[in-house]
Amino acid sequence: MAFASRLALAGVAAMCIMPATHSFSLMPVSPLAAQSAAAVRSSATAQRPGAAFLPPFGTALLRPSARAPVVGARAARMAEGEGAAGEGKGKSVLIIAWFHAEPKQLELVKRIYKKKGYTDVVVQESPVHQISTPRGWYQTFISCIKNGGPSKDGSGENIARHFDLVHCMSGGFLQLYLLLAAKVPIQFTRLVMDSTPILPQPKAFVRFARAYMDDNGLSVVPKFLPLRLHNGYQTARWSIGATYVRLKHKGFIKKQLKGLEPGLFETTNEWTRWAARNSARNNYDDIVDDAINTVFNREGLHTTFVYNKEDRYINTEEIQSIIAKCEEFGGKADEVLTKTGHIETIFRKPKLLFDAIADV
């Protein structure tokens, strides 16, 4: 990534807004090596359309003893899966993607699932500007209520239905929460939390942004921007945004919710006012509790948490508390501990994931 691009990204990430693009090279390479790798990628892509590299979130989390990163056709072969295709046909999965996932990467994830026996694979993107702030939550919720939810993905496939498996990756947890809170009828009893939950609170996004900067040559920003100041800035920023939402909602509620039946109108009005009020007052504990209850308090739910204990993008103590909550709700929860980086398990070690969900 050019220096100017890194500098611009530093300014954006310092405000805890997710960067607009990601670089998908696994490690810095010289110009000659880059040309060679590009040639190999071109050849590999011709044989396997849509082949792509891994997201760079957590490549630095790999232990020194781990094998060196690979490029080209070998990386594509690793990413497409290990071993033979899974048995069983006709299984369905809804994949709720990470922030700024590129189409070629999502196609690769689809191919991995199809190779493992899933014939009905649907991807729901997670637009960062709609998921990462209270203003975005409001817009997403209103859109879901008015339009019946983002009921179709890029292929025109309906998500308001039953799936054998839902797979949330990183920020996808918040997308799932908003969809369910807005009464989009996604039905499932098997859930994968992959390098998530990232909970709806400012400090979670500050943690993510600082880890991203550390791993992408921007460590100078968290080094000179104290964590306490960063958290304070982000909390104030969310509070101001939520206050704006409250004023907007009061002034334009009839226009925003025009045409809704009375019962749905009241439900929507109640949730949006509640979320904006708590965000404006920095009362995120109630929002976090509601997110956990909405997603995990489901009859017969079996959740598998896939994560690396050294993943600096997430709070692993929160994962342990949520696992305990799942059991309190009467569901089943287990965990798959990995040594791969953030959301890299499906690309680097897919066997770990698919062994854990073999019951689907």
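Val192 is the bridge partner of His167 in strand E4, and that pair is a handy place to start exploring this fold. What you're looking at is a predicted model, where local features need pLDDT of at least 70, side-chain atom pairs count only at pLDDT 80 or more, and totals for chains, interfaces and linings use all residues. Residues are numbered from 1 along each chain as its sequence is written, and side-chain values use heavy atoms, with hydrogens and water left out.

**Exercise: the sheet**

Starting from His167, trace the bridges in E3 and E4, then give the strand order of the sheet.

*Solution.* Begin with the vocabulary: helices (H or I, at least four residues) and strands (E, at least two) are DSSP runs, numbered from the N terminus. Two strands pair if DSSP finds at least two bridges between them.

Now go to one side of E3: 4 bridges join it to E4, and the two run parallel. Next, look at E1 (residues 91-96), which is joined to E3 (residues 165-169) by 4 bridges, again in parallel. Here Ile95 stands opposite His167.

Then widen the view. The open sheet has 6 strands in the order E2-E1-E3-E4-E5-E6, with parallel pairing. At its edges sit E2 (118-124) and E6 (332-337), each pairing on one side only. From one strand to the next, the twist averages 20°; angles run from 0 to 180 degrees between N-to-C directions, and axes are lines fitted to C-alpha atoms, for helices over the stretch in contact.

**Exercise: helices on the sheet**

Which strands do H4 and H7 lie across, and at what angles do they run?

*Solution.* Take H4 (residues 103-115): it lies across E1, E2 and E3, at about 155° to E2. Contact here means heavy atoms within 4.5 Å. Now H7 (residues 172-181), which lies across E1, E2, E3 and E4 (190-194) and runs at about 130° to E3.

Finish with burial. Buried means under 20% relative accessible area, exposed over 50%, and partly exposed in between (1.4 Å probe, protein chains only). H7 is mostly covered, with 10 of its 10 residues buried; among them are Phe173, Gln175 and Leu180. Just after H7, Lys183 takes a positive phi of about 70°.

**Exercise: Leu191 and the core**

Is Leu191 buried or exposed, and what surrounds it?

*Solution.* Place the residue: Leu191 is found in E4. All 5 of the 5 residues of E4 are buried, so the strand is largely enclosed by the rest of the structure. Leu191 and Met193 point one way from E4, while Arg190, Val192 and Asp194 point the other way. At a relative accessible area of 0%, Leu191 is buried.

Next, check its neighbours. Leaving aside those within four places in sequence, Leu191 is in contact with residues including Val166, Leu176, Phe296 and Thr303. The C-alpha atoms of Leu191 and Val93 are separated by 9.6 Å, although these residues are 98 apart along the chain.

Then step up to the core. A nonpolar core is a set of buried Ala, Val, Leu, Ile, Met, Phe, Trp, Tyr and Cys residues joined through side-chain atoms within 4.5 Å. The largest one has 63 residues, and Val166, Leu176, Tyr177, Ile186, Leu191, Phe296 and Phe305 have the most contacts inside it. H7 gives the most to this core, with 8 residues. A second, separate core of 24 residues includes Ala97, Val109, Tyr113 and Ile357.

**Exercise: a loop residue**

Where is Glu299, and is it buried or exposed?

*Solution.* Find the loop between H12 (284-296) and E5 (302-307), and there's Glu299. Glu299 counts as exposed because its relative accessibility is 78%. For a landmark, use Gly330, 31 residues away along the chain: the two C-alpha atoms are separated by 7.5 Å.

**Exercise: how far to trust it**

Which stretches have a pLDDT below 50?

*Solution.* Start with the average: pLDDT, the predictor's confidence in each residue from 0 to 100, averages 77 over the protein chain, and 72% of the residues score at least 70. Residues 14-53 fall below 50, though this stretch has 70 contacts in the model beyond near neighbours in sequence. Residues 151-155 are also below 50, with 8 such contacts. Where pLDDT is low, the predicted coordinates should not be read in detail.
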